[in-house]
Amino acid sequence: MAEVMSMEDIRATAGRLGIDLSAVDWSSVHLPPADDFGIQSDDEDINNADALEFEGGFGNIIVVDNLPVVSKEKFEKLEGVVRKIYGQIGVIKEDGFLMPVDPNTQKTLGYCFIEYNTLQEAELAKEKTNGYKLDRSHIFGVNMFDEVDRFTRVPDEWAPPETKSYSPGENLQHWLTDEKARDQFVIRAGPVTEVLWNDARQLKADPVYKRDYWTESFIQWSPLGTYLATVHRQGAAVWGGASTFNRLMRYAHPQVKLIDFSPGERFLVTYSSHEPTNPLDTHRVVLNIFDVRTGKVMRDFKGSADDFAIGGTGGSSGVTWPVFRWCGGKDDKYFARLGKNVISVYETETFTLIDKKSIKVENVIDFIWSPTDPIFARFVPEIGGGNQPARVSLIQIPGKEELGKKELYSVSDCKMYWQSSGEYLAVKVEKYTKTKKSTYTGFVFFRIKERDIPIEDLELENKNDKIIAFAWEPKGHRFAIIHGDNPRPDISIYSMRSGNNIGRVSKLTTLKGKQANALFWSPGGCYIIFAGLKNLNGQLEFYNVDELETMSTTEHFMATDIEWDPTGRYVATVVTSVHEMENGFNIWSFSGKLLYRISKDHFFQFLWRPRPPSFLSPEKEEEIAKNLKKYSKKYEAEDQDVSMLLSEQDREKRKTLKDEWEMWVGRWKQWHEEEKLERQELRDGEASDEEEEYEAKEVEAEEFLEVTEEVLDIEQD
């Protein structure tokens, strides 16, 4: 945080700069006190002193020079122009604009001071407007107030800089070194956000960090699990560390609504929109791309919601989210966005378009990057009433050459799915029948890693079956499809290989009449959950695809979400606040054994912490798999120790319950003996408490409830 400058310091600095502040009305200038600068974060809870706060001091003030020198009559007009320029970059603080006037001539002095809420906004304003050409005679010179002050204090004689000893930073991957090889997850319930270990051996969640009002809207892990991101009215922030979760960086973006990381965690995209002041305007949209480590804005994009709402899945205010789609891999070299009749691909060295122009594709409506290579698949629907067929094409970047394509006819809709290793691309195609009155679904598969990229078609045995869900096996060659009519559709599992690994799609099995509408593969493959969510109320079937057998069938009533941990050992089923009751989560083993459950009112989010890719080579992983029994002995012994500990704890618990019961019985017998004389008096001297010595007698008693007399008038014949 910047050091607070006294009034004398300000006047001295202005004097060294040749700035006359004698005409400034200092009573109108807001100076924060020295303790907390009088600034409290918008998201700061009254008991939370560490929440995201604005910058204090004068680090967030810029000096704009080379302004026009104008008379008093034109002062407001000039101020309005300057405010408009700098108000688009960030929020200017109240009383944060000062343009001094010469007391003798009553004209401006050609410079002004602008104070922003945050240091990031001030730095962005300097970067964007230094050298801004207002007109031929006035080109802005913009400096940070603190920089100007520092440069004027440079001594006349050079002195060698002080050598600072190396101080290592906090290990942001420390959580990966857990001796028990546990995984972390974060939950958000009510105002509380918690990070916990999944201690499945101990059948519990072990707390790591807890904080109230940590975020104003949602939380999000970065793709490799290094950072936890929070969202606030002033912008976004990332946190990390061993157990303290210190704030590592802030990203100033007022009223931010959505965020998205690049796959390698190098960049963070933030999005905001606001209502237009002019009814004829559309929503104003701002997107910033930040460098995650430095917090510097690498590129910003502005426009209307319509400019960012082409194709894809709608986000806030109709904007397609994510607006920018990143090329797979950890280098974060390319990202792209869909426009009207274009796909704009940018490279991150200069954040400019490749070859300085977009790829023109008439009527393109969707594209999707490979998760591993600089290749994207794009879909173009039929044009001219079927005269020009629909097309799915594979485009390689940066050369923009077409690697392969498939032409399709009578297409109603098309969805594309990459397999996680980038080996296969599946295209689900809905086609019109000959009568055009109905549609049916088929699939097209691209084998990306094979020579000339072979293409294969697949139709279900009953091609009129409705496709409810499709999912690739991660890191594998299989996929599953839910097809048919609710509430009991069929599930078919296929392989991209047939006998002897020949490249041909083959069906492994079809499971009839399953209560499922969603598929959830384990991250390691092999296992899959057939889930019946929403109207099916949380039906769960854990299935082993290697053995083609069901491991268990169970349910989590009203479950809304299912999340595998990154290792594929455990899975969480969640009931969020979409439902008013049963909020919380269950943790299961991969085979469907319930390990423990936790209830939380007003439950909003459950997110496993992602793991980065393993450093082990495929050969080393294969060697470990072959010698798994040797490696597993150590863990089997640990599991046995834990099992014995849990058994001992269970015995202790039962013994405690038994002791409590015996104490209660003992107290009851004591009270019974103390009240013996009182019972004898109540029984007219009978002292026995033995049940069999009592004699049962039946006594009949009559009781008149009501007597009514009524005179009847009987006519005589």
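# Surface, helix H2 and salt bridges

Me: How much accessible surface does the chain have, and what share of it belongs to carbon and sulfur atoms?
Reply: Areas come from the Shrake-Rupley method with a 1.4 Å probe, and for residues only the protein chains shown count as cover. The accessible surface of the chain comes to about 41300 Å², and the share belonging to carbon and sulfur atoms is 48%.

Me: On what terms should the model be read?
Reply: This is a predicted model, in which local features need pLDDT of at least 70 and side-chain atom pairs count only at pLDDT 80 or more, while totals for chains, interfaces and linings use all residues. Residues are numbered from 1 along each chain as its sequence is written, and side-chain values use heavy atoms, with hydrogens and water left out.

Me: How many helices and strands does the chain have?
Reply: Both are DSSP runs numbered from the N terminus: helices are H or I with at least four residues, strands are E with at least two. On that basis the chain has seven helices and 43 strands.

Me: What percentage of the residues is buried?
Reply: Buried means under 20% relative accessible area, exposed means over 50%, and partly exposed lies in between (1.4 Å probe, protein chains only). The chain has 717 residues, and the buried part is 43%.

Me: What share of the contacts in the chain between residues at least 6 apart joins residues at least 24 apart in sequence?
Reply: A contact is a pair of heavy atoms within 4.5 Å. Among contacts between residues at least 6 apart in sequence, the share joining residues at least 24 apart is 48%.

Me: What span does helix H2 reach from its first C-alpha to its last?
Reply: H2 covers residues 75-87, which is 13 residues. The expected span is 1.5 Å times one less than the number of residues. For H2 that expectation is 18 Å, and the span reached is close to it, at 18 Å.

Me: Within what arc do the buried residues of H2 fall?
Reply: The buried residues are Leu 78, Glu 79, Val 82, Ile 85 and Tyr 86. They line one face of the helix, because their directions from the helix axis to the C-beta atoms fall within an arc of 130°.

Me: Which residues are exposed on the other side of H2?
Reply: The buried residues of H2 have cover that includes S1, S2, S3, H3, S4 and S6. On the other side, the exposed residues are Glu 76, Lys 77 and Lys 84.

Me: How many residues apart in sequence are the parts that Lys 93 and Glu 115 tie together?
Reply: A salt bridge is a side-chain nitrogen of Lys or Arg within 4 Å of a carboxyl oxygen of Asp or Glu, and these two side chains form one at 3.6 Å. Lys 93 lies in strand S2 and Glu 115 in strand S3, so the separation of the parts is 22 residues.

Me: Is Arg 478 buried or exposed?
Reply: Arg 478 meets Asp 546 in a salt bridge at 2.9 Å, N to O. The two residues are 68 apart, with Asp 546 in the loop between strands S37 and S38 and Arg 478 in strand S32. Asp 546 is partly exposed at 47%, whereas Arg 478, at 11% relative accessibility, counts as buried.

Me: How many disulfides does a search of the whole structure find?
Reply: A disulfide is a pair of cysteine sulfur atoms within 2.5 Å. Cys 327 is buried at 2% and Cys 414 at 5%. The number of disulfides found is zero.
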